[in-house]
Amino acid sequence: MGSAASVSETTVPDSSNMGSSNQQGTTDEEIEEMLKSTLNTNNETQDVNLKTPERKPKKRRQAPEEDKAIETIEQLLKDTLNTKKQTQDEHSFAEVQETYPIPVIEPVEVSMAFDTFLHVDGSLYTCFTENGIMMYFNDTKGIVPFPEDWYSQGRFINGNNEVSSKPLSSESKQMIPSLVEDERTGGLYIPGRGMVMTYMFEDRVNICKYFHSDSGTWLVLPLQWEMNIDFIKRRVWQVKEALPGLVDYKEITAALRQCKYDADAVISIFLSIFGDSLLKAPEGMENFRDTNYFRDYLQKEQAIEDLKQQLKMKCNEVENLLLRNKCLQKVNDHMSEMIHPLTQRLAELEIDQEESHAKIKAMYNQRHKTLHGKVIIKKAGSFIEPEILLEVSKITRALNISNKELSSTLKIRFSEMEFLMKRLLNPVFKLMEAALSSAQELEDMRSLYKKEALARKVLYNRLQEMCGNVRVFCRCKGYSPTTSCIILPSDEELVLMYKGSKKKFAFDKVYSPRSTQEEVFEGIRPIIASCVDGYNICILAYGQTGSGKTYTMMGSEDNPGVSIRSIRELLHLCNERPMITYKLKISMLEIYNEKLYDLFSKIPKSSLEIRNQGKTVVVTDLTEFEIKTEEDIKSITRLGEKNRRVASTKMNISSSRSHLVLILRVDGTDKVSGVKSHGTLTLCDLAGSERISRTEALGQRLVEAAAINTSLTSLSQVVFKAIKGNALHVPFRNSKLTHLLQPGLSGDAKACVFLNISLDVPNYEETITTLQFGSSVRQVALGKATQHVTHNTEVKSDN
Ligand SMILES: Nc1ncnc2c1ncn2[C@@H]1O[C@H](COP(=O)(O)OP(=O)(O)OP(=O)(O)O)[C@@H](O)[C@H]1O
């Protein structure tokens, strides 16, 4: 804003006028800088004067004293600087002053009164009165007379912010001296405005600062920047709206800053200064008259921002639409692909339809022609209504279509099947070839198997033959070192000592009293296997009562004997040969008093008859049970033992007085070769062999003993001796026992005899009898064993 000021010679800078900070402690550099700036200011003033030639003479003319004073100061400063350069000393300004004291210039009351003229167009001019003529500083022309017509086009403002249509300087002269005396008064040349007086007012204002991150401090915001703050913008706009005559936003912002950003205060100040002239916009600045301009600008800015957002959204939408379009394009392509065959089909159908129409038309025409002879047809009763004809034609068409579709589907299916058949044919051929070769292989293996099986049997029996068809084992019971009469020097020898004499016996195996049931069974296990191959086997236990025959043959449930183990072994062997189907049948009988009793019979004591059937013997009505499992063995033997007649004697109350015979028939059929085999295992627990005199039997017991003796004597003296002597006739029928055992004791069988003896001296007589029996049996050669096999259901036996 313009301000009235007076400049006198006293305002020339000196130490006292440089501001409080320059009074003390100012360095020489600072002083030098200050002096230079003062000089520059003067130079600038001169420059300005040079630039504005009109002004120069006026200034000289107006203030020769001032020029003189300036020259003096200039000279003084130059001298000071020169001296400083010469001495090169860093003396303080005070020292310099001391050395070169500045001459005191008496203040001359030469003052100029400046007024600021504010033109309605918003321009500010500095005016002053020279020789009664109002002059002003023109930026281009320099100092020129104040135009008369401007008086009505603006207002004068003095230092007290008083506004008038006439210059006020003369009126405000009274206050100038007071300002001149004040330390806070200063002068400043403003290009285009001239020399202005400045005064440091103390006032409290709001200051808009910004944070300077480099220095970390708050700095005052430059005016130009401050104008861009929304808060300021709104207030500027408020002022501008109220005073359209104001065109300088910077000026308004500065005023706002001074008035603590109170827009109303600024408006009132401007109004008080410039009056009503600011209420309308200056000519040529109509745009500013539009009070809504600023608001519009803000609104437009906002609108632009909104539009930008909308544009962004639209862009996104367009992008989405493009994507969708792409997808739709794909769908469209796909549909087009699908439509193509359909269109073709439609064209075909249309052709069909046309053909059908033509046919119908032809038929209709035909019918039309026939209608002329309607009477005749009607009479003939064969007239067809056109509607029916049309319906029939429709159905025919539909049928034709479905027929075509069906035939095309069938064609496709046929081609598919043909393709599949072609693919399958190869593997099928390969499979057939493989099956044929497998069948061949199977056949080869079968014949090989037959050969192998036959060879195995032949070899096995050869081995058995080499071992002998009759084997005698001796099993001893009860041993006491004091009372024993027997010594066992080896596994196959036995020495009987009595009254100083020694008798040595040799058998296939001698089992000591410590031998277990398992060990005893192991001795006959190889012979049992022959039964499965179709041989007759006979196992006997011979010995006096209580010598352990029943123990050896039957044993107990927990510790079974030879019979039970043999049946188990047979069962096991049968199951081991899956290529042969076996049937294992068991019967149990006893021979008591030369009579046979079926121990499985439901009617006890029924006597059985023995009949010869060729080379074999058959017991009539003998009960047989099939054995499939071990459980069967247990339950069946339990049943037999239950029925067994047991009579007690003096020597052994649990001793049996009958011969117990178990007969097992093993019938096998080879699944591969069809060969059938028939083997028999006869297990016999003979009755006690003791002498009658020792048992002291009487009555019934004596009859029993006599029967037992008969059968045993027959067994030892008749059968084995006969075999040994190669007699032409063997009297098997002398006793029921030898008759029943005939198949197992004949030349084609294999026999095992267990001699059960007691080692105690009191049993010496009976023991030696048993051992002699065994020895005589061992001498028997049974001849070559014969296998009972049937080839192709034909029975072959070479007895
Ligand atoms: N080797 C042995 N080890 C242990 N105990 C045995 C042996 N031999 C037989 N015995 C036992 O001796 C007793 C008589 O045996 P066992 O009944 O077998 O004789 P036996 O010759 O069958 O008589 P019998 O002719 O009167 O039937 C039985 O209690 C039996 O358990």
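## Helix α22 and the sheet it crosses

In this predicted model, helix α22 has buried residues at E766, T767, T770, L771, F773, G774 and V777. Around the helix axis they cover an arc of only 155°, which puts them on the same side of α22. The helix comprises 15 residues, 764-778. At 1.5 Å a residue it should span 21 Å, and its end C-alpha atoms are 21 Å apart, so the two values agree.

α22 lies across strands β13 and β14 and runs at about 145° to β13. These two strands belong to an open sheet of three strands, ordered β12-β13-β14, with antiparallel pairing. The edges of the sheet are β12 and β14, each with a single partner strand, so one side of each is left without a neighbour in the sheet. Strands of a sheet pair through backbone hydrogen bonds, either parallel or antiparallel.

The residue ranges of the strands are as follows.

| Strand | Residues |
|---|---|
| β12 | 486-487 |
| β13 | 493-498 |
| β14 | 501-506 |

Between β12 and β13, which run antiparallel, there are two bridges. I487 has V495 of β13 as its bridge partner.

For the protein as a whole, the model contains 22 helices and 27 strands. Of its 799 residues, 28% are buried. Among contacts with a separation of 6 or more, 66% are between residues 24 or more positions apart.

Definitions and conventions. Residues are numbered from 1 along each chain as its sequence is written. This is a predicted model: local features need pLDDT of at least 70, side-chain atom pairs count only at pLDDT 80 or more; totals for chains, interfaces and linings use all residues. Helices (H or I, at least four residues) and strands (E, at least two) are DSSP runs, numbered from the N terminus. The expected span of a helix is 1.5 Å times one less than its number of residues. A residue is buried if 20 or more other C-beta atoms lie within 10 Å of its own, exposed if 12 or fewer, and partly exposed in between; C-beta atoms are placed from the backbone. The arc is that of the directions from the helix axis to the C-beta atoms. Two residues are in contact if their C-beta atoms, placed from the backbone, lie within 7 Å. Two strands pair if DSSP finds at least two bridges between them. Axes are lines fitted to C-alpha atoms, for helices over the stretch in contact, and angles run from 0 to 180 degrees between N-to-C directions.
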